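Hi there,

Here is the structure I promised to pass on to you. Have a look at it first, and my notes on what turned up follow right below.

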Amino acid sequence: MNPVVLAVDDLREQYTREMALVRQTCERTGDGTAAIRRRSAVVDRVIVEMWRRAFTGLPPQNAALLAMGGYGRKDLFPFSDIDLLFVFADERTEERAGEAVRAVIQAMWDVGLRASPTSRTLKEAGRFDPDNIEFTLATLDRRFLAGQFPLYQQLHQTVLPGLVLSEWNTLTQKLGELARVRHAKYGNTIFHLEPNLKECPGGLRDFHLAVWFALLFQLKETREWPRQRTSVFQSARGDAEAAFDFLAAARCFLHFRHGRDDNILDWQSQDEAASQSIGLETRGTTDPSYWMRTYFRHARVIYRRAALLMENLPAPVSFYRQFRRRRTPIAGTEFLLDQGRIDIQPGAEFNDTSAILRVFSLIATHGYLLSQAAEDRITDALPVLAIHIPEGPYLWNALREVLLGPQAAHALRTMHALGVLEMLIPEFHGIDALVIRDSYHRYTVDEHTFLAIDNVHALRRPAHDYEKRLAQLLPEIDRLDLFLLALLLHDTGKARRTGAHAMQSVELADSFLARLDLDAEERDSVLKLIRLHLEMSAAVRRDIFDIENIRAFAERIGSPQMLKMLTVMTFADIKAVNPDALTPWKAENLWQFYMSTANFMDRSVDEVRYHAAIDPTLLNRIRSMVPASQYDELKQFLEGLPQRYLQTRLPEQIRSHFQMALDLDKDTVQLDLRPSRQLFDLTVITRDRSRLFADVAGVLASWGMNIVRAGAYSNDAGIIVDSFQFTDGFRTIELNPSEKDRFLQNVHDVVAQKVSVEQLLLSRRHLNHTGNIRVEVPTRLDFDSDSSTHATLLQVIAQDLPGLLRQIALTFASHQCNIKIALIDTEGETAIDVFYLTCHDKKLNAEEQRLLAEDLTAALESMRAPATA
């Protein structure tokens, strides 16, 4: 048989013309749902005409063409694939129609349609393949296009229902398993800086997951397909449908913007979508944070509904039902408990909040889930319940039961999703899905709050050594209920977006606490904790062993009890920012600073500098590691090193650094590079010279290393111990072990002044571009000459750019400033670096600060120039 070739020039022109109209209409109206329906209709006309042309002149064939997947449900996005199923009565028919089918597929590609075809005989379509379960799931979204309609009816009414019903348990379990694997891939959270609108939790895939489950449950109940697929899944308040409309508009925007099937909502796309108010009822320009806030609200609705449906799946083991307990009424309520799920009795009515608050207390204690019916009834009852909102001791007792439960965060999320939390605490509404739009804060403010509360309760099951130490403080907090209440309210002030949010949170919390009728001492405790909740994280950015830093912090907080609460709160707060925010060394710094402050408050540590503060036991241990003949050299090496250096190094590390210092007569540059968790730790020991710190930072920048922490120390003999912790983003050293030697040689030669660091940087300059900056970080310099007795503190907040630390150090060197201590930290794209500086062994005076600030600001701004050129 000769190959069939279809003439499709007219169809290509027709498709191009009609799709241009679809795009024009979509961009004008912003209606993504209408756009995908229109594209489905456009493609229908083209493919049906292709079928007609391919089979014209051939003997009648008992075959049919079906739309599948997104095309089958008429959700055909602008650049999505076209999923088709060719169905044949038998193998002989499939063979006779083969050339015509191939002609249709080729014609689709010629027109510009990305075909994704599958062929099955009727018998094959009714056969379950456990290795290709995705095909059976795909048949849930099918639609007749062309060919023999009776064949399609046989497939639709008999073959596929029989297949699905016979394998119902396997299909539902597999569908749930695929969703869980997908959710796990994205961290089981809707909160991503650049979400995938299709695959992420709360995305379009989850919306269709809910529809598929509803379809399967209805088929099992009625033994037939619904007449109208859209009637299967309708949320009580239309919130799921509104979420779909928003996501459809956003995905259409992405497809048109990129000219391909690209579903990643990257940073720049968010800006552009907000500028066009994509998916919003109002047109014009919108703030990107507000637009992403809308996205997260819709994603939350979809993800929650999909998760509830997955939890409603039957157990995979067949004997499970034999052990099912009877539905147990919850005393004093209209609710029932059934296998860890709280359901509602038919015809139940709510007149007050007591029953609902009782249910949420159980959820916080045991981690129960609400059924979809119970959630819908609670939400529907809110207008009635809002008439008589409880206040005073009754509300506080109910709320404290929730806060103290080990599953408090789960209960609070449920209350929040249903509108109950805002009904009880209107002050919380302002941070609903509120986005802090930078690359450091991963979660919305409300979710950050729930995670922080979860982090506190998780200390009862510590997973890391630093958590075990912090867990010791939990039972020592006298009023854990008040502590958790402060944590619940600590960021509510961010909703106002003006002024210091801690003070704004205090104002909002004060109004709520007044309604709880707490006594004055309780109110003051909560408000003080909220007012001070940022103090400890700010203090640990400075030298945690500087007695003046410790003294100032202790004076601000006032009491050991407040210190314990702030330590746990700071831990929970930082850990809830993003999964990587609380690094082990940050947790170690937090604990060290807690101990230093606690000792200061107990007056167990005197305020004399370094020499009197050294632990004799530590010195004896170091001495035991070296020969007696080296005792004098060891004493000379330690003389004048900061207390911070001694207390942050193990004795073995100090011994190793001492041995390296002894070798300086053999080689004036001593280096040590070793992996440290996900970082590399580079130690440089040499004799002091100008621009030393800047040159080492420059070598690291030339290799594309990202410095996350650094320390600069010197002793009285002028021996420098510089340490740099950095990440190797390109995995150069890991993947090419031989490069380690070349890297160390580069560092050595630059420190020894055999090679110019500018030469190394020049070779990499084309890679150190700033064009991918997401959030512009304004440069800010803060001098402080009061917190240290011997140095001026300079905090630099700036855009984290390649070579930043080197540029800062070079500017210091040009002003003859000596770096006593450097504390380097990075939060997303923001560098937060603190330097202890002296000039001619003295603090910087006002004029020196002014001149340094001018030059440093100019130097840092010049680094942005390529991005704005």
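Phe680 of strand 10 stands opposite Phe726 in strand 12. The model is a predicted one, so please read everything below in that light. Strand 10 covers residues 679-687 and strand 12 covers residues 719-727, and the two pair in the antiparallel sense over eight bridges. Strand 10 also has strand 9 (residues 669-676) as a partner: eight bridges join them, and they run antiparallel. In that pairing, Asp672 stands opposite Thr683 in strand 10. Is strand 10 mostly covered or mostly open? It is mostly covered, with eight of its nine residues buried.

There is another sheet that you may like to look at. Four strands form an open sheet in the order 5-6-7-8, with mixed pairing. Its edge strands are strand 5 (328-329) and strand 8 (369-370), each of which pairs on one side only. As a reminder, strands of a sheet pair through backbone hydrogen bonds, either parallel or antiparallel.

Going through this sheet from strand 5, two bridges join strand 5 to strand 6, and the two run antiparallel. Pro329 has Leu336 in strand 6 as its bridge partner. The two strands make a hairpin with five residues between them, where Gly332 takes a positive phi near 75°.

Strand 6 (residues 335-338) then pairs with strand 7 (residues 341-344), in the antiparallel sense and over four bridges. Two of the partnerships are easy to pick out: Leu337 is matched with Ile342 in strand 7, and Asp338 is matched with Arg341 in strand 7. These strands form a hairpin as well, with two residues between them, and Gln339 in the turn has a positive phi of about 55°.

Which way do the residues of strand 6 point? Phe335 and Leu337 point one way, while Leu336 and Asp338 point the other way, and all are buried. Asp338 is thus a buried residue that has Arg341 as its bridge partner.

Now to the packing. In soluble globular proteins, nonpolar side chains tend to be buried together. In this model the largest nonpolar core has 179 residues, and Ile47, Trp291, Phe483 and Leu485 touch the most other members. Helix 11 (residues 239-258) gives this core its largest share, 12 residues. A second, separate core has 55 residues, including Val684, Leu692, Ala798 and Phe835.

If you want one residue of the largest core to start from, try Leu485. Which residues does Leu485 touch, not counting those up to four places away in sequence? They are Trp396, Leu399, Leu403, Phe512, Leu513, Leu516, Leu518 and Val526.

You may also ask about empty space. Rolling a probe the size of a water molecule over the atoms shows where empty space is left. How many cavities of 30 Å³ or more does a search of the whole structure find? The search finds four, and the largest cavity has a volume of about 100 Å³. Its lining is made of 14 residues, of which Leu193, Phe296, Val435, His441 and Arg442 lie nearest the centre of the cavity. By type, the lining residues of the largest cavity divide into seven nonpolar, four polar and three charged. Helix 12 (267-275) and helix 13 (288-311) each supply at least two residues of this lining.

Last, a few loop residues. Gln753 is in the loop between helix 34 (739-751) and helix 35 (757-764), and has a positive phi of about 65° although it is not a glycine. Gln753 counts as exposed because its relative accessibility is 59%, where exposed means over 50%.

Gln816 makes a good companion to look at. Gln816 lies in the loop between helix 36 (804-814) and strand 15 (817-823), and has a positive phi of about 60° although it is not a glycine. With a relative accessible area of 52%, Gln816 is exposed.

Asp841 sits in the loop between strand 17 (830-839) and helix 37 (846-862). Is Asp841 buried or exposed? Asp841 counts as exposed, because its relative accessibility is 67%. The C-alpha atoms of Asp841 and Ala214 are separated by 75 Å, and these residues are 627 places apart along the chain.

Happy exploring, and all the best!

Definitions and conventions:
Residues numbered from 1 in each chain as written. Predicted model: local features only at pLDDT ≥ 70, side-chain atom pairs only at ≥ 80, totals over all residues. Heavy atoms only, no water. Pairing = 2+ DSSP bridges. Core = buried A, V, L, I, M, F, W, Y, C linked by side-chain atoms within 4.5 Å. Buried < 20%, exposed > 50% of the residue type's maximum accessible area, 1.4 Å probe, protein only. Contact = heavy atoms within 4.5 Å. 1 Å grid on protein atoms, 1.4 Å probe; cavity = no way out; pocket = protein on both sides within 12 Å on 5 of 7 lines; lining within 4 Å. Points joined across faces, edges and corners; volume = space filled by probe spheres on them. Nonpolar A, V, L, I, M, F, W, Y, C, P; charged D, E, K, R; others polar.
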